[in-house]
Every structure is written in C-alpha cells, then in structure tokens.
Amino acid sequence: MSNDTDLIKLYSARILALAADIPNLGRLDAPDASVTRRSPLCGSSVTVDVCMSDGRLSALGQDVKACALGQAAAAITAEASEGVTLEAVEKGRDQLKAMLKGKGGVPDAPFDRFEVLTPAVEYKNRHASILLSIEALAEAMTSASA
C-alpha cells in the first residue's frame with residue numbers, strides 16, 4: 001500500500017510546474033478535427049483540436065479540465081507534439097501505456113518527458129487521466145487524416 005511519502009513524490013514540484021504551464025491552451029477557430037475524451041473514474045476531460053498539414057500536426061488547441069497529473073500529461077503531450085506525425089503520437093501513446101502498466105520504459109523522444117510521471121505507475125486509478133491528452137490527440141489526428 002502506498003504511503004503519504006509516495007503521494008508527495010507523485011505530486012512532485014516538476015509535475016505541478018508542468019500542470020501550471022500547459023502549452024496550446026484554448027480551442028482552435030477552424031480545426032481539421034476535434035476530440036473530447038473523459039475519464040469516467042475521476043471526471044477529468046480533455047478536448048483536443050488539431051490542424052494537419054502534409055501528414056504532420058500543424059496546430060494544436062486543448063481545453064483541459066483534469067487533475068494535476070492529467071494537466072502535466074497534457075503539457076508534455078503539447079510540448080512534444082509540434083510537427084509530429086500520427087505514427088509518432090501512436091508510438092508515444094503505446095509506450096506511455098506500457099510504462100504505466102510497468103511493462104516498458106519511458107517513451108522515446110519526443111515523448112520522453114513522460115518520465116516525470118513514472119511515480120504514477122503504482123496509482124492505476126490515475127492512469128486514465130494521464131492518457132487522456134495523448135489518446136485524444138491520436139484520435140483527432142486520425143480523424144483529420146481520414
């Protein structure tokens with residue numbers, strides 16, 4: 001069972017700093033696709049707007065209503081996703097899922113800043129919130145590319 005020290009580690013200064021400074025906040029005026037994902041367990045939600053150009057993300061907007069971990073994950077996703085392909089986002093998403101399940105290491109660059117969330121591996125009830133932003137991004141990019 002986790003104790004208070006583990007919980008304090010989970011909400012480290014790095015995580016709280018990320019949560020306080022999420023890039024690309026706000027909706028896009030004319031997105032190619034928009035996706036809202038919600039975690040039924042905690043009620044966190046993320047709406048992602050994307051514009052694509054030549055198979056790459058050219059613009060991102062986010063509306064993030066999540067806990068500190070979900071906010072930190074949204075910040076990392078936004079920072080890492082500038083100009084990325086759908087394949088890179090899907091790889092990062094899959095590697096993040098594996099990391100959270102304890103079945104893989106930290107995702108490859110550009111999603112390697114998810115390393116800050118490794119203490120959350122032990123908190124399965126937080127995984128859905130952490131995955132919201134990158135899952136919504138992958139889904140929106142898929143829609144925009146269709």
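Here are three short exercises on a predicted model, each with a worked solution.

**Exercise 1. Place A74 in the structure: which helix holds A74, and is A74 buried or exposed?**

Solution. Start with the secondary structure: A74 lies in helix α3, which covers residues 68-80. Next, look at accessibility. Buried means under 20% relative accessible area. The value for A74 is 0%, so A74 is buried. Then list the contacts, skipping neighbours within four places in sequence: A74 meets I22, Q62, V64 and S133. Finally, take the pair A74 and I22: these residues are 52 apart along the chain, yet 6.7 Å separates their C-alpha atoms.

**Exercise 2. Check the length of α3, then work out how many of its residues are buried.**

Solution. Begin with the expected span, which is 1.5 Å times one less than the number of residues. For the 13 residues of α3 this gives 18 Å, and the end C-alpha atoms are 18 Å apart, so the two agree. Now turn to burial: 11 of the 13 residues are buried, and therefore α3 is largely enclosed by the rest of the structure. Among the buried ones are L69, G70, I76 and T77, along with A74.

**Exercise 3. Which residues touch the most other members of the largest nonpolar core?**

Solution. This core has 41 residues, and V50, L117 and M141 touch the most other members. Several elements give two or more residues to the core, including β2 (45-53), α3 and α5 (124-145). The largest share, 9 residues, comes from α5. To finish, follow V50 outward: beyond four places in sequence, its contacts include L28, L57, L137 and M141.

Key: Residues are numbered from 1 along each chain as its sequence is written. This is a predicted model: local features need pLDDT of at least 70, side-chain atom pairs count only at pLDDT 80 or more; totals for chains, interfaces and linings use all residues. Side-chain values use heavy atoms; hydrogens and water are left out. Helices (H or I, at least four residues) and strands (E, at least two) are DSSP runs, numbered from the N terminus. Buried means under 20% relative accessible area, exposed over 50%, partly exposed in between (1.4 Å probe, protein chains only). Contact means heavy atoms within 4.5 Å. A nonpolar core is a set of buried Ala, Val, Leu, Ile, Met, Phe, Trp, Tyr and Cys residues joined through side-chain atoms within 4.5 Å.
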